[in-house]
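Please open the model in a viewer and keep the sequence panel visible. The tour below proceeds by selection, with a short account of what is found at each stop.

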Amino acid sequence: MFFFYFNQSIVSCLSLQTVRHGFPYQPTALAFDPVQKILAIGSRTGGIRILGRPGVDCYCQHESGAAVLQLQFLINEGALVTACADDTLHLWNLRQRRPAVLHSLKFNRERITFCHLPFQSKWLYVGTERGNTHIVNIESFILSGYVIMWNKAIELSTKTHPGPVVHLSDSPKDEGKLLIGFESGTIVQWDLRGKKADFRIYYDEAIHSVGWHHEGKQFMCSHSDGSLSMWNLRNTTRPFQVTFPHGKIQKDGRKESCKPILKVEYKTTRNSEPFVIFSGGLSYDKAGRRPTLTIMHGKAITVLEMDYPIVEFMALCETPYNNEVQEPYAVVVLLEKDLIVVDLTQSNFPVFENPYPMDIHESPVTCTAYFADCPPDIIPILYSIGAKHKKTGYSQKEWPVAGGLWTLGSHTYPEIIVTGHADGSIKFWDASAITLQMLYKLKTSKAFEKPKPAEGRAAELVEEDPFAVQMVSWCPQSRIFCVVGISAHIILYRFSKYDANTQIVSLEVRLQCEAEDAISPSENENNPCFSESGSQSPQTHHQHPASPGSGTPEGNKDSTPCIKVKDRMVRVPPGYQAELVIQLLWIDGEPPQQITSLDINSAYGLLAFGNCNGLAVVDYLQKTILLCMSTLDLYGAADPYQRLTRSPRRNRQSTSEFCMRGLSNFYSDSKKRIRTSYQSLTELSDNQQSIDMERSKSPTSDHVNGHCTSPTSQPKPRVPMGPEGPRLTRRGAGRPPFRKAQSAACMEISLPVSHTEESRENSFSRSRSSSVSSIDRDTKEAITTLQFGESFGRKSDALPTPCLWVGTSLGVVLLIPMSIPTDDEERLEEPVTIGPSGTALMLKGSVLHFSFLDCMGALIQSPHEVWRDVNAPEDPDRPRRRKLVHFSPSSSQDNYGEGHLAVVCSERQAKVILMPSQSCLFVHNITESSFVLRADVVSVCNSVCLACFCANGHIMTLSLPSLRPLMDVNYLPLTDMRIARTFCFTNGGQALYLSSPTEVQRITYSQEMCDNLQEMLGELFTPIETPEAQNRGFLKGFFGGNSHNFDREELFGEASAGKASRSLAQHIPGQAGMEGMKVAASGVVGDLARARIALDERGQRLGELEDRTALMMTSAETFSKHAHELMLKCKDKKWYQF
């Protein structure tokens, strides 16, 4: 009798984005608060990333999704203004951990092109495409009636429109003067008080940006012809200086044409020449040059080449006042795919080391894995190994973007994120708390020789990224790591703290089907379980001599792997060191099918993998192949399908020729280059050719009564397979001979939109292995999931034994019991016996996940080996032995007789099976209208549940073992194959996926985890006293203009300017006004800090008052003394004596 314990503490769940890591995808705008020292980046998709000191990293998203055109901080006010491509202004409150929109203003008749907010001003200048300039009150977010019309700004005699407003700035000399730059080259200084133009400049070249000298007497413009012009306010008829920084004089005396200078900044210093910093301006004659940032300091010109195009840059200065000496100390450069900061205080201009994980996309991400509750010692070890390979040459100064406040909090979670990349590299990231830090980088390509360039038809089949990572499997306890590559290869790594000389062992596997069978539904299709065939063995097959490879057009490719493993001794550094490489071979001129499933168990010393042809099991301790069988052979006599024998095709070349024609339709020229996921590309021509079922033999060295055993001979560096039967050139679904290695983050299809959407939907619908409906059409039965564990291989078993659970794309679950020697010496010498036991059960849709529970509903962990360093020095007193950790089916049971539970989840269904009777206790149909993409049994709130992510965007959790629905949240509709390929769950109610090609999004669906992570979020705003303006002196204040007498409220307020037209802009109220925002709490730390600063200010004022009182008393006493002395001196004198 089983008694189940239900813990429903996870019922109260919600779906919430916690933090986003990586570089903002498709950035468009940049802003910096010089007092708070925080940085904001806007993106084309409407996202905003706000960065401060390490740990202060916030992501916001506009609901409209419109591109962010410009960002403006309310300096030291804890607010941000964004201008979007839908002509809407938004005011964000940054005085809370998760910023929110306070106000929005939608322009109806004009398009926004440029915004400017003067320091310590509540009036925002907004330039439009029509050339008009409007003024917005930041506090109320209402448009002022004061408008600078374009026809009043220019002379009446001008016959052409000046174009959109591209620049707005107030004069450093006088805040009442507004400089307006139009795209056509017209510059106007507008007197805001007199409502007239002080001067107008008409230049021949288009203007891109303007930079003031801090004294307000001159300014610099950048132009479309690559020139910089300097203008003096005393004489605006022509520029007093025009330079082409990168334009050389040709032989005929003419200047060579240059690219536009998109932006220039003119910054002054106290002790040296001013800095002139600009982007662009290179000559056209040098094609292929990288984008550049030029720094002119006196006569020295430094050109910094960038890896990507420059989106925006900004000089960071010591003061927020534009009428003081700027003293720039750094330049933030926002590139299309990177963010760098240049140190201006050193002559060689080094860059700062970026503390944010901005290089996730250094090579396109192809797969992800998320591990929570890792062993506490694994993160420091990986960091110590990875720190030895860090780059050098960075600036020694601290990272200048150091705003905000972040503390680790009371809850910390040792978590690791693993990302696989298109170049074959693996990156380990420390994801503890809410930060992300690079730990260790592994390059899998070092295990192989460099690929040689192919010629002729073979060149069309060569991978762009032959080492691209498809999936990873990691055991943190034993530190064994497995990588599956796009070239149908598997690499097994062991971790060592010592370097070593090693030779990589290579195993080659011929996993190819033989017979062709069509599948028809069986009468037992809907039965939850199938009858046990007892101890009957699977059918055996005769082996035939291999057909010569020269008989095919690609005979030179027969029985060869896709890439060559290094066959010599290599020196490997500390860290993960390659021990074994398993490769599938080309057969009859056709490449191997990609690997679809993988599992490794360190306690058993076994590795299993499968694809659409069958299953293979490898003993990585003895370096031998234990099992290599087609899926049909695994069934034995319990095959649930009726397979109709088909005659072989006559033309052996038809399949490969057709695939090449199918690929040529999409890759005929560079204009039709498709970048999509691996799986969708393999299914592009599904409907054009029938799919063949093939039956393979077990080419292992020993095959006795259906049981495969490992040979006892000594391991060899390369173990070829045994005799092979005749091979037929059969491949399902018109699969291309070689699929391009594409990023999971890439779905850019340069075809018409309608075809793009259609092909995306079709490719995705076909990529989901097989559901029940897909049995009606011919298909191969792929191995979709594998799981080692202690279980009951047959109904008659009394004790659990090591087993391999196999799930297929047709929803069938197979059990394969194994006999593994327990003694260390015997394990390395005696063979491991494997014998498939037949079908266990069947589900709707492709099988996705297996897990095991004890009778109390607790999760049974897989057995594992305790990590030992194989390269450590030998200790004669303590011989090195394997230490295994096994988990019994129930910690509260005295014996194993009561069995355990198996949780099986497919694309549409979940079942809980009682072992060894194989009876179905609970069943739940997860979805009917969609299908499950990812499923995993995870620990949440001291209990376990089944978490599922469906293609319609729903995240669901089911209780275990009862499979009762706990949560169903419509989180994220699937719009990209990237999400499907990278979404993964982990313990603690967390998950992650690749939200864009450059960003990783972490989410939580647990309320407890959400509350804990909320405490770890950084404070964006910290109370800082605004620096005081420098004393200008009497003469400068007298002759420098009357800027301090300028009252914008009196000029732009409703009393004097009136109300703006209601049809011009629509105000959308937010949560609160500016006053409410300033009073809003920003956490206990912020409240205490503000109170402390207020007390300090009050004490300072009281001290100043006391000093003034004492000074006045001293002065009064001195005056009284002098008066008394004067009286004594003059009291005896007559009037005529004075």
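Strands, as the term is used here, are DSSP runs of E with at least two residues, numbered from the N terminus. The model on display is a predicted one.

**First stop: a loop residue with positive phi**

Select Glu327, which is placed in the loop between strand E26 (310-317) and strand E27 (328-335). Its phi is near 55°, a positive value in a residue other than glycine. Most residues other than glycine have a negative phi, and most peptide bonds are trans. Both parts of that statement are relevant to later stops.

**Second stop: an open sheet**

Select residues 112-116 and 142-148, which are strands E10 and E13 respectively. These strands belong to an open sheet of four, with the order E10-E11-E12-E13 and antiparallel pairing. Because E10 and E13 each have a single partner strand, they stand at the edges, and one side of each is left without a neighbour in the sheet. From one strand to the next, the twist averages 30°.

Now select residues 123-128 and 133-137, strands E11 and E12, whose antiparallel pairing runs over five bridges. Which residue in E12 stands opposite Tyr125? The residue in question is Ile135.

**Third stop: a buried acidic residue**

Select Asp430, in strand E31 (residues 425-430). Asp430 is buried, yet it has no salt bridge. The nearest side chain of opposite charge is that of Arg1002, 7.9 Å away, whereas a salt bridge requires a side-chain nitrogen of Lys or Arg within 4 Å of a carboxyl oxygen of Asp or Glu. The side chain of Asp430 does make a polar contact, at 2.7 Å, with the side chain of Ser432. To display its surroundings, add Ile379, Glu415, Thr435, Leu436, Gln437 and Leu439; Asp430 touches each of these, residues up to four places away in sequence not being counted.

**Fourth stop: the loop between E58 and E59**

Select Pro916, which lies in the loop between strand E58 (909-915) and strand E59 (919-925). The peptide bond leading to Pro916 from Met915 is cis, with omega near 10°. Gln918 lies in the loop between E58 and E59 as well. Although Gln918 is not a glycine, its phi is positive, at about 60°. Is Gln918 buried or exposed? Its relative accessibility is 4%, so Gln918 counts as buried, the limit being under 20%.

**Final stop: another cis peptide bond**

Select Pro961, in the loop between strand E62 (954-959) and strand E63 (965-970). The bond from Leu960 to Pro961 is cis, with omega near 5°.

Terms used. Residues are numbered from 1 along each chain as its sequence is written. This is a predicted model: local features need pLDDT of at least 70, side-chain atom pairs count only at pLDDT 80 or more; totals for chains, interfaces and linings use all residues. Side-chain values use heavy atoms; hydrogens and water are left out. Two strands pair if DSSP finds at least two bridges between them. Axes are lines fitted to C-alpha atoms, for helices over the stretch in contact, and angles run from 0 to 180 degrees between N-to-C directions. Buried means under 20% relative accessible area, exposed over 50%, partly exposed in between (1.4 Å probe, protein chains only). Lys and Arg count as positive and Asp and Glu as negative; His and the chain ends are not counted. A polar contact is a pair of N or O atoms within 3.5 Å; within protein, one must be able to donate a hydrogen and the other to accept it, and residues adjacent in sequence count only if both atoms are side-chain atoms. Contact means heavy atoms within 4.5 Å.
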